[in-house]
Structures are given as C-alpha cells and as structure tokens.
Amino acid sequence: MLSTINQRIGLILFIIAAIYLFLSFQLPNYPYAPIDADVIPKGLGVLMLVLSAALFFSRAIETEAEKEKRNIPKKELLVLLAVFAMIFFYILLFEIIGFVVMTAVFIFFSSWFLGYTKWKTNIIVSILFPLGMYAIFVFALGISLPKGILPI
Amino acid sequence: MNAFDGMITGFQVALSWEGILFVLIGVIVGTLIGMMPGLGPISAIAIMIPITYGMDPAPALVMMAGVYYGAVFGGSTSSILLNAPGISGTVATAFDGYPMAQQGKAGKALAIAAIASFFGGTVSVIMLMLLAPALSSVAISFGPPAYFALMLMGLTAISSLSEGSTIKAMISAVAGVMVVTIGIDPQTGTQRFTFGNVNLFEGFDFLIIALGLFAIAEVCMLVLNRKNRSLSDDQKLGSLKVTRADLKEMSGPMTRQSFVGFILGVLPGAGATIASFISYIFEKRISKNPEEFGKGSIKGLAAPESSNNAATSGAFVPLLSLGIPGSGTTAVMLGAFLVLGVQPGPLLMTDRPEIFWGIIASMYLGNIFLLVLNLPLIPYLAKILSIPRPLLISLVIMFSLIGVYSISFNVFDLYMLLVFGALGFAMRVFSFPAPPFILAFILGGMMEQAFRQSMTISNGSLAIFVDSPLPLSLILIAFLSLVIPSILKWRSRRKLAKM
C-alpha cells in the first residue's frame, strides 16, 4: 500500500496533523475574545490533514534528481549522526566547561573526524577561533559567554 | 519628505564614517560567506544578526543589507571558479561562467560578473528609490483585512513558485505557521502547545529556525559533500581585463535583464533564482547565436548576473514599503529588523526616515564598493574557496551555536537549533522547500493578528475579506497563484504521458 515515498511521508504528516488537531481541541476557552486562541490552530490542523492526504494520493512521480537526493550511503549517515552527537555533547558541556575550551575541543575533533589531517593548522585554528570570538563577544559587544573552568 | 530630500537624509547616514564602515564590513562579509558553496544570503544574514546586538539600528541594518547583496554577489565567484554555486540565484551564472574559467578566462568572467552585478544593482536601486515611497503612501491606508490578504498572497506566491511539488511547498508553509502557534497567545494569554515547559512560553526565536533550517541543514549537506574539491592553489585566474568589445556585447543583456530582474524581485515568491533563469532563457531566445550559450558566452554570463542583483534590490520594495517579505531571504531580513526593534512597513518612511533612506542610499555605496573592491581583490578573496571543507563545517556550526546562544543565553534554544537543523536536513532530503517555512514562520504571527483584528471589526463575519475590492482582489490573486501553476503542471504531465 505504501509504495511511494510520498505516501509514507503523507501518512506521517497525517498522524502529526491529527495529533496537532487533537491538541487544538484541548485548548482552553477564553470567554471575552471574539476569535479565540484555538481558531487558527484548528484551521491549520484541518489544512494539514487535507494537504497530507493530497500528498498521499498525489500521482506526481519522483524525479531522478529527487531520488538522488534521498540516496545517502549508510556510512555517510553515520558520519552525520556522529557530528550531531558531537554538537549534542558540546551543548551539554559548554556551560560547565566553558566556551573557549569546549569550542577549541569541538573544532579540533570535528575537523579531524571529518578528514582534516593538517594537525598544525587545525590546532592553530582551534585555539585562535574561540579566543577571537570570545574577545569580540565579551569585550567588544558586551555579550557574556560561559567562562567555565577558565579564570578569564 | 519627497524622494530627493529623502535621499539627502539617506546619504547623510550612508556617507557618515559609521555608515561607510558598516557598508564595507557588510559587503565584504557577505561576499565571503556567499562565495562558500552551500552558504547563501539566508545563512549569511542569520549568522551576522548576533553581531548587531547593541548596535544602533541604522548602521546595523545598512550592514545587513550589505551582507545580503554582498552574498548574492559572492555566490557568482564559486559558480564561475568551481561550478559550485554559492547560492541558487547564481546557478545560471555557472552555465557560461564556468566554461569561461575552463578556457583560462576565469578573471575575465569574474570581472564581467562584477560589472553586470554593479549595473543590475544600481539600476534597481534607482527603481527602488522611486517605487518604495509610492507604495508606502498607498499602503498607509491598508486595514487589517487588506494586510491579511496581502500576506496570504505572499505566502501562496512563494509556495506556488517554489521548485518541485506545490503540495510540498504548501505543507512547508502550513508547518511554518504551526510552529508559530507554539507559546502564549498574545491576545488571550492562553498557552498553546507548550506542555507547561517554561522554555516554550515565548515561542521560538526566528534565529533558531533560520539558522537551523538553513545553516545547520547546509552543514549536513557539506558533511555529505565534504570530499568535493575546493579551489586548488595552482588554479590560474587569467587577466581581469574587459575590452570595449566585451562591454558592447554585454550592454544589451545587462540593460534588459536589470529591469526584468527588478520586476521579478518585487513580485512575491519570485526572487533572484527565478529572475536569473528567466533572464538567461530570455537572452538565449532572442540571441542571434544561441548555440554559443553554455559554452562561455559573455551575454549568457551578463544576463543572469545583472538580473539576480537587480532582483535582490527589488525584493526590498515590499519589505520596506509594506513590511511584508516576498522570499525566504527577505523574511530573515525582516527578522533582523525586528531584532533591532524596527518595524518595516508603510510607517517606516515617516517614522524612521534615516533607516528607510539610509538603506537605499547605502545600496548605491555598496554597489560601488563591490565593484571597486572586488575587481582588484578577486584573486585574494577567491582564496577563501580553498578553506578545507572539514574546517569550514566546524566553523559554521560554531557560528550558528554562538548566534543562538547570544539571543537568550539558554541552552534549551541550542537543543532546538539541533532539532530544526535535523528538520531542515530532512526537508532537503525529501524535497520540501524551506523558504515557504521561514516565510510562513515570520508572517504567521502577523497574519493571525490581522485575521483576528479583521474578525473583531466584522463581529466574526468572514465577509469582511470579500466586501471591499482590495482584499478581495488580493485573495483572488492568492487563489489564482496557487491554482494556475498547478493546472499548468497537470497539463504538461498529461501532454508528456500522451507522448
């Protein structure tokens, strides 16, 4: 039944739209507003249901270029997931350890992981970039970034 | 204030030392970011927004405008040198620019692109100066129903003109408005879809969406294409000299396509990409030697280059005069205005003339800077293309994270950036266009407000949208802009099936 990718996406969107619509009906009423806060969400939910159904039943054939875009090797997908994981750990730790140290570590390891082999340049950029950004944001723009374990 | 007085005010802003400095910074940074394949004006503007926190709105917005057209200008460099367009608006530039580079005439191609961009940019700034105030004075009388209809028209136009499936573009737009509904409703104070999470009370900042959907999604594409070549050191640019005969040859396409580009830029939904393709096809059709196109034709290079720059300035007409962006990039520009506490629209010209005219005047200056600086500096600026992809990826991720963190100093926003980055990547993989999403996100809140105001005025009757001619005609255009392209696509599919 779900032979095309559009049908699969259409079904997922239909479910999301149904949940959104269900939640829209749970919104509390406010007696004095001529148009309450739930009107637009309800309208959007219905519109999304209709559009996802239209996508499901659409007879548009996927072009070669569109197929090519979806064709990502598993190995590359894992690389992408690893980059997302690195960003996740960066976010998790950067208020604790601090902007400068975490940024230097992130730039070095992610560049190395993605295939950059010039060690010296990598180390120089990894150290100078966070220091430069920290100086611009904290001293020039007055925007504070987490110090973390460093005393500056 | 008439246009002449306005321009004097504008040049006072643009020619102050602050104005000159920030236009210069804007065009250089824009050019550099625009050059990098994958990173376009949306990412460039979004990345630069945190830098403007704490700045005066006038120089900050002048700088952001410089980033915008600088990025469009820079996009052509990577198109010509690498056949890897920095932005979609410069795809057509590569058709003839890259063959010229392969023939050892990269320098000449870059110089022609710079001159054509300058010409297109300047012509359209003059037209912007004439058209925007006129539109502003008309728009001042718009009521909420007309505004709602206008925004609806902008949204449907961009959905129907997006590449690929119209249904997917509409889904993208509806999803954009759905995301806006998250947070506390400003009119009734009702919490919508927050699940009691304090971090969601204010809704999402547009920078999270812009950087996630564009910059982080670009990063994902860069990760997948990280082994693609970058500029090698031994690549020769050749002479930058443009002869008189070359100038004569490009003068026709430049003049024609500057006007075409401007008009397409003003129309909601069209923008630089469509303008450059239409100009290229147009010139090829009327050319006496169409077979030269695609093999290094000067006309084929000058036409899309003047057109995409003209479209960029044209896109400022609805943004400055109506306060309504017509494309994804101008939606992010509108976000930059709002971050700085400036509401673009019909009142901008009277309330903040220094900003309205300052931006227009700065564009004259910016175009001159782009031409004068870039011609001699092209060989040096092009070095940025030799930045290794892995390093570039890490740096773009960092810029995006710092940008989002400096809005609210909230780690939750960073996680959301990651979520919207994943969403942006999924949208690319499954061919859902992102510009309708960001445009809907920016317009969604305003649309809801205009809709509810209209309904309050009419005591809940939808007839208010069809009672007067202006909203009615705008809604009709919105409807037709969705229906006509769909019918045309359906007919062409049927013809193909019969063949």
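How many residue pairs are in polar contact between chain B and chain A? In this predicted model, the count is 10 residue pairs, both partners being at pLDDT 80 or more. The views below take you through this interface and then to a patch on chain A.

**View 1. Chain B and chain A meet across an interface that buries about 5,600 Å².** Start by finding the two sides: 57 residues of chain B are in contact with 62 residues of chain A. Carbon and sulfur atoms give 82% of the buried area. The size of an interface is often given as the accessible area lost when the parts come together.

**View 2. Seven elements of chain B, listed here, each supply at least two residues of the side that touches chain A.** They are α3 (41-52), α8 (166-180), β2 (191-192), α9 (206-224), α17 (389-408), α18 (411-429) and α19 (435-457). Look for α17(B) in particular, as this helix gives the most, with 12 residues. Sorted by kind, the residues on this side of chain B are 39 nonpolar, 9 polar and 9 charged.

**View 3. A salt bridge links Arg226(B) to Glu76(A).** The closest N and O atoms of the two side chains are 2.8 Å apart. On the chain B end, Arg226(B) sits in the loop between α9 and α10 (244-266). On the chain A end, Glu76(A) belongs to helix α4, residues 74-97. Side chains of opposite charge can pair when their charged atoms come close. Across this interface the rule finds 1 salt bridge, while a search of the whole structure finds 10 over all chains.

**View 4. Chain A carries a nonpolar patch on the surface.** Together, the patch residues have about 970 Å² of accessible area. Among them are Val105(A), Trp112(A), Trp119(A), Ile123(A) and Leu131(A). Helices α5 (99-113) and α6 (119-140) of chain A each supply at least two patch residues. The largest share, 6 residues, comes from α6(A). For a landmark in the other helix, try Phe109(A), a patch member that lies in α5 of chain A.

Note on methods. Residues numbered from 1 in each chain as written. Chains lettered and ligands numbered in written order. Predicted model: local features only at pLDDT ≥ 70, side-chain atom pairs only at ≥ 80, totals over all residues. Heavy atoms only, no water. Contact = heavy atoms within 4.5 Å. Buried area = accessible area lost by both parts, 1.4 Å probe. Salt bridge = Lys/Arg side-chain N within 4 Å of Asp/Glu carboxyl O. Polar contact = N/O pair within 3.5 Å; in protein donor to acceptor, adjacent residues only side chain to side chain. Helix = DSSP H or I, 4+ residues; strand = E, 2+ residues; numbered from the N terminus. Nonpolar A, V, L, I, M, F, W, Y, C, P; charged D, E, K, R; others polar. Patch = residues over 30% accessible without salt bridge, like charges linked within 9 Å, V, L, I, M, F, W, Y side chains within 5 Å. Areas by Shrake-Rupley, 256 points an atom, 1.4 Å probe, with all protein chains shown as cover.
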